[in-house]
Amino acid sequence: MSRKLVIAHIGNGKSTNRYHLPFSLNRPDKIKIKAIYQRTLRPNVWGNIEGVEYTDDLEKILNDPEIDVVIVNTPSEAHYSMAKKVLEAGKHCVVEKPFATNVEDAAELFKLAKEKGVTVQCYQNRRFDSDFLTVQKVIESGKLGKIFEVCMHYDYYRAATPENEKTYNRDHAFLYTHACHTVDQVLAYFGKPQKVNADVRQLLGAGRMNDYFDLDFFYDGFKVTVQSSYFRAKIRPSFEVYGTRGTFIKAEQDRQEADLKKFYLPAGHSDFGIDAPENYGTIIYYDDAGEYHEEKVKSEVGDYARFYDALYETIINGAPQLVTEEQTMEQMKILADAGKDLA
């Protein structure tokens, strides 16, 4: 290992402290967190990290020659402007989801990165969700035969969230704040679809919050469906996979976020984010002899730190980006087209 990757963060809220630092700090042999920028320095519930400089001077970060990459964790409306400052300073950049608020701004950031000879990519940590990794293992086992349908659900029952919003705000739309997770999973594993059909709704009426979406991705011989709603008192299975020889159902989502919300962090906890046997998915299939099987499938281990492993390889060793420009632009175009009638 030649040297550590030196990182700074713009933003010191939930995103930085819950979804980034617990994982980057869990790679101390590869990564050094040097500084965190906060517009107004103040205490937070996570507390300060020993050895990390907290600053309200953004230029100090942008002009620090030791810092390799800056992670943008601001509210989404500031992603473009902050990422642009990072790239103009000649530093690599990672931007939280959603990458930008429109396709044109996203394209400009990728163009600027090329001009500056640096990289920019979206933080797609959910490529390393346990349930998503387990589905890949099952599909690749061949036990389900030819796959013809995959259903992905990302549900809540949070009625108060849309009920309390009386006007439409694009930055709060369910489509843009949550489909960026699941659509990226679809594109990362299955590739670019032949076509997409979208049913995107405002269940409480026109001019209210977008609180529902149903996206169908069509490929040669199979379809992937992504469905999400704020009004599911009983959530649907996280994944359902249907093949000519069988079915796989994974009822529960990856557990990393649930542990993070309890401040139960990966460092020092070998059971962090790990499914218990009662959380495993079930595969039902007929084998080559026509025998029926119904079995639990041990869940793969999810680990969002694998995004940082890939980032290290890209910046230090020149490996291809984990999240490509093409994938990010395709995701943004799909969501922009799906949500074009929201208002």
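Two residues are in contact when heavy atoms of each lie within 4.5 Å. The structure described here is a predicted model.

By this criterion, and leaving aside residues up to four places away in sequence, Leu109 touches Tyr80, Ala83, Lys84, Leu87, Phe99 and Val120. Leu109 belongs to helix α4. A residue counts as buried under 20% relative accessible area, and Leu109, with a value of 1%, is therefore buried. One of its contacts, Phe99, is 10 residues away along the chain, and the C-alpha atoms of the two are separated by 9.8 Å.

Phe99 is also prominent in the largest nonpolar core, which has 57 residues; Phe99 and Leu5 are those with the most contacts inside this core. Helix α9, residues 305–317, gives the most to the core, with 7 residues. Another core lies apart from it and has 40 residues, among them Val186, Val200, Met209 and Leu342. In soluble globular proteins, nonpolar side chains tend to be buried together. The contacts of Leu5, not counting residues up to four places away in sequence, are Lys30, Ile31, Lys32, Asp68, Val69, Leu311, Tyr312, Ile315 and Ile316.

Helix α9 has 13 residues and reaches 17 Å from its first C-alpha to its last, close to the 18 Å expected at 1.5 Å a residue. The helix is mostly covered, with 10 of its 13 residues buried. These are Ala305, Phe307, Tyr308, Asp309, Ala310, Leu311, Tyr312, Thr314, Ile315 and Ile316. The cover over the buried residues of α9 includes strands β1 (5–10), β2, β4, β5 and β6, together with helix α1. Just after α9, Gly318 takes a positive phi of about 75°.

A second helix, α10, runs over residues 325–338; at 1.5 Å a residue its 14 residues should span 20 Å, and the end C-alpha atoms are 20 Å apart, so the two values agree. The buried residues of α10 are Gln327, Thr328, Met329, Glu330, Gln331, Met332, Ile334, Leu335 and Ala338. Among the elements that cover them are helices α4 (103–116) and α7 (174–190), along with strands β6 (120–122), β8 (195–201) and β9 (212–219).

Strand β2, residues 31–37, holds Ala35. Ala35 has a relative accessible area of 4% and is buried. Not counting residues up to four places away in sequence, Ala35 touches Ile7, Ala8, His9, Val52, Glu53 and Ile61. Asp199 lies 164 residues from Ala35 along the chain, and their C-alpha atoms are separated by 43 Å.

Asp64 is found in the loop between α2 (58–62) and β4 (69–72). With 15% relative accessibility, under the 20% limit, Asp64 counts as buried. Lys34 and Lys91 are its contacts when residues up to four places away in sequence are not counted.

The largest pocket holds about 860 Å³ of space. Its lining comprises 31 residues, of which Lys14, Ser15, Tyr19, Lys97 and Thr177 lie nearest the centre of the pocket. The elements that give two or more residues to this lining are α1 (14–24), α7 and α8 (256–261). By class, the lining has 9 nonpolar, 12 polar and 10 charged residues.

Two backbone features occur in loops. Lys97, one of the lining residues nearest the pocket centre, is joined to Pro98 by a cis peptide bond, with omega near -10°. Pro98 lies in the loop between β5 (92–95) and α4. Phe263 is found in the loop between α8 and β13 (281–286). Although Phe263 is not a glycine, it has a positive phi of about 60°. At 47% relative accessibility, between the limits of 20% and 50%, Phe263 counts as partly exposed.

Technical notes: Residues are numbered from 1 along each chain as its sequence is written. This is a predicted model: local features need pLDDT of at least 70, side-chain atom pairs count only at pLDDT 80 or more; totals for chains, interfaces and linings use all residues. Side-chain values use heavy atoms; hydrogens and water are left out. Helices (H or I, at least four residues) and strands (E, at least two) are DSSP runs, numbered from the N terminus. The expected span of a helix is 1.5 Å times one less than its number of residues. Buried means under 20% relative accessible area, exposed over 50%, partly exposed in between (1.4 Å probe, protein chains only). On a 1 Å grid over the protein atoms alone, a cavity is a set of points where a 1.4 Å probe fits but cannot get out, and a pocket is an open set with protein on both sides within 12 Å along at least five of seven lines; lining residues have an atom within 4 Å of a point. Grid points are joined across faces, edges and corners, and a volume is the space filled by probe spheres set on the points. Ala, Val, Leu, Ile, Met, Phe, Trp, Tyr, Cys and Pro count as nonpolar, Asp, Glu, Lys and Arg as charged, and the others, Gly among them, as polar. A nonpolar core is a set of buried Ala, Val, Leu, Ile, Met, Phe, Trp, Tyr and Cys residues joined through side-chain atoms within 4.5 Å.
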